[in-house]
Amino acid sequence: MILEHILVLSSFLFCIGIYGLITSRNMVRALMCLELLLNAVNINLVTFSDFFDSRQLKGNIFSIFVIAIAAAEAAVGLAIISSIYRNRKSTRINQANLLNK
């Protein structure tokens with residue numbers, strides 16, 4: 001594929017993630033939009049690694065680290081969200097004042 005097409009796809013995913021992160025009121029939706037942001041970054045890492053230096057896999061390896069960190073972040077985030085839901089019966093961001101007490 002052409003570099004510009006992949007970069008347009010990545011920027012489109014990044015913009016959707018930013019928009020969803022800014023406008024969402026649900027914690028689960030915000031977490032999903034954060035994952036979209038990380039996936040857009042991974043697409044850029046792999047694309048630039050393949051385009052500029054195809055023999056070394058630095059971008060691919062760094063992308064695997066980002067995926068591992070995103071999986072850990074999703075697990076911890078979902079655990080926190082489920083704990084807040086058990087206590088407050090809501091996953092809305094503006095109603096999550098659990099840490100204020």
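## How much of the chain is buried

Of the 101 residues in the chain, 27% are buried. Please keep in mind as you read that this is a predicted model. The accessible surface of the chain comes to about 7,400 Å², and carbon and sulfur atoms account for 68% of that surface.

## Overall build

Let's step back and look at the whole chain. It holds 3 helices and 0 strands, so from the N terminus on the elements read α-α-α. The C-alpha trace spans about 55 × 25 × 20 Å along its principal axes. The radius of gyration of the chain is 17 Å, while a compact globule of 101 residues would have one near 13 Å.

How do contacts link distant parts of the sequence? Among contacts between residues at least 6 apart in sequence, 56% join residues at least 24 apart. Charge is worth a look too: the chain has 9 positive and 5 negative side chains, and the centres of these two sets lie 23 Å apart.

## Helix 1: one residue out, one residue in

Helix 1 covers residues 3-23, and two of its residues make a handy pair to find on screen. Is Val8 buried or exposed? Val8 is exposed, because its relative accessible area is 53% and the cut-off for exposed is over 50%. From Val8 to Asn60 there are 52 residues in sequence, and their C-alpha atoms are 19 Å apart in space.

Ser10 also has its place in helix 1. Ser10 counts as buried because its relative accessibility is 1%. Which residues does Ser10 touch, leaving aside its neighbours within four places in sequence? They are Ala40, Ile43 and Asn44. Ala40 is itself one of the buried residues of helix 2.

## Helix 2: covered by both other helices

Helix 2 runs over residues 27-52 and has 26 residues. From its first C-alpha to its last, helix 2 reaches 38 Å, close to the 38 Å expected at 1.5 Å a residue.

The buried residues of helix 2 are Met27, Ala30, Leu31, Cys33, Glu35, Leu37, Ala40, Asn42, Thr47 and Ser49. What covers them? The cover includes helix 1 and helix 3.

## Helix 3: a row of buried residues

Helix 3 takes in residues 58-88, 31 residues in total. The distance from its first C-alpha to its last is 44 Å, close to the 45 Å expected at 1.5 Å a residue. Just after helix 3 comes Lys89, whose phi is positive, near 60 degrees.

Buried in helix 3 are Gly59, Ser63, Val66, Ala70, Ala74, Gly77, Ile81 and Ile84. To read that list, it helps to recall that an α-helix has 3.6 residues a turn, so residues three or four places apart point the same way. The buried residues of helix 3 pack against helix 2.

Ser63 is a good place to zoom in, as a member of helix 3. Why does Ser63 count as buried? Its relative accessible area is 6%, and buried means under 20%. Apart from neighbours within four places in sequence, Ser63 is in contact with Asn42, Leu45 and Val46. Of these, Asn42 appears among the buried residues of helix 2.

Notes. Residues numbered from 1 in each chain as written. Predicted model: local features only at pLDDT ≥ 70, side-chain atom pairs only at ≥ 80, totals over all residues. Heavy atoms only, no water. Helix = DSSP H or I, 4+ residues; strand = E, 2+ residues; numbered from the N terminus. Expected span 1.5 Å × (residues − 1). Buried < 20%, exposed > 50% of the residue type's maximum accessible area, 1.4 Å probe, protein only. Contact = heavy atoms within 4.5 Å. Rg over C-alpha atoms; globule rule 2.2 N^0.38 Å. Areas by Shrake-Rupley, 256 points an atom, 1.4 Å probe, with all protein chains shown as cover. Lys, Arg positive; Asp, Glu negative; His and termini not counted. Charge placed at Lys NZ, Arg CZ, Asp CG, Glu CD.
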